[in-house]
Amino acid sequence: MKNDNCIFCKIANGEISSATVYEDGNFRVILDMGPASKGHALLIPKEHFKDLCELDDSVAEKVLPVCRKVGEAMKKSLGCAGFNLVQNNGEEAGQTVFHFHVHIIPRYAGGPKIVSWTPGSETPEALEETAGKIRAAL
Ligand code: 5GP
Ligand code: ZN
């Protein structure tokens with residue numbers, strides 16, 4: 001299903017043109033218009049899903065193989081040393097376009113580390129308590 005008010009539905013289905021690096025029946029992969037590094041791409045399903053929680057399993061299982069294909073092509077063609085996959089779910093997690101997508105971000109030797117955080121510290125008991133809460137909700 002497409003959503004008429006969704007820009008990524010229009011991009012993924014070719015109604016709005018974009019710099020496309022890959023397309024198949026399920027996905028279009030385009031270059032991000034505000035790249036974190038040269039070649040920063042977005043994998044966008046052609047169907048509308050708000051986020052990972054809404055994504056159909058039949059589409060979800062196809063996401064990583066396409067990300068790998070594009071990441072390998074980036075390494076060959078752009079000379080990046082590696083790449084990050086980033087996938088935001090919810091406003092508080094940094095999601096700004098509410099149509100599921102995966103960022104594929106080339107990482108270059110000597111360049112900035114794009115995805116980073118300051119490690120905190122937790123006791124083993126606190127880790128186990130948190131793990132128990134998540135397990136109980138699965
Ligand atoms: P989010 O923050 O939702 O994970 O990422 C949305 C991404 O989509 C941002 O990196 C933003 O630059 C990109 N973006 C938003 N609108 C457009 C667009 O119309 N064209 C392209 N190529 N990228 C877009
Ligand atoms: Zn959409």
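**Exercise 1. State which residues UniProt lists for "domain: HIT", and describe the chain over residues 7–114.**

Solution. The unreviewed UniProt entry lists residues 7–114 for "domain: HIT". In the model, which is predicted, the chain over residues 7–114 is 24% helix and 23% strand, and the C-alpha atoms at the two ends of that stretch are 25 Å apart.

Turning to the whole protein, one counts four helices and five strands, and reading along the sequence gives the pattern α-β-β-β-α-α-β-β-α. The C-alpha atoms fill a box of roughly 50 × 40 × 25 Å along the principal axes, and 33% of the 138 residues of the protein count as buried.

**Exercise 2. Identify the atoms that coordinate the zinc ion (ligand 2), and explain why the arrangement is tetrahedral.**

Solution. Begin with the donors: the zinc ion (ligand 2) is coordinated by the SG atoms of C6 and C9 and by the ND1 atoms of H48 and H99, at 2.0 to 2.3 Å.

Next, consider the angles. Four donors count as tetrahedral if all angles lie between 85 and 135 degrees; the four donor atoms here subtend angles of 103 to 117° around the zinc ion, and the arrangement is therefore tetrahedral.

Finally, place the donor residues in the sequence, where their spacing reads C-x2-C-x38-H-x50-H. Within this set, the pair C9 and H99 links distant parts of the chain, being 90 residues apart: C9 belongs to helix 1 (residues 7–12), whereas H99 sits in the loop between strand 4 (82–86) and strand 5 (102–107).

**Exercise 3. Decide whether C9 and H99 are buried or exposed.**

Solution. The criterion for buried is a relative accessible area under 20%, while exposed requires over 50%. By this criterion both C9 and H99 are buried.

**Exercise 4. Describe the surroundings of ligand 1, and determine how much of its area the protein buries.**

Solution. Start with the neighbours: 16 residues surround ligand 1, and the closest are D32, G94, T96, H101 and H103.

Then examine individual polar contacts, beginning with the backbone. A polar backbone atom of L31 is 2.9 Å from a nitrogen atom of ligand 1, and a backbone N or O atom of V97 lies 3.0 Å from an oxygen atom of the ligand. From a side chain, a polar atom of H103 lies 2.8 Å from an oxygen atom of ligand 1.

The last step concerns the area: ligand 1 taken alone exposes 520 Å², of which the protein buries 81%.

Key: Residues numbered from 1 in each chain as written. Chains lettered and ligands numbered in written order. Predicted model: local features only at pLDDT ≥ 70, side-chain atom pairs only at ≥ 80, totals over all residues. Heavy atoms only, no water. Donors = N, O, S within 2.8 Å, 3.2 Å for Na, K, Ca; no water. Tetrahedral: all angles 85-135°; square planar, octahedral: opposite > 155°, others 65-115°. Buried < 20%, exposed > 50% of the residue type's maximum accessible area, 1.4 Å probe, protein only. UniProt positions renumbered as here; feature names shortened; annotations may be inferred. Near = heavy atom within 4 Å. Polar contact = N/O pair within 3.5 Å; in protein donor to acceptor, adjacent residues only side chain to side chain. Areas by Shrake-Rupley, 256 points an atom, 1.4 Å probe, with all protein chains shown as cover.
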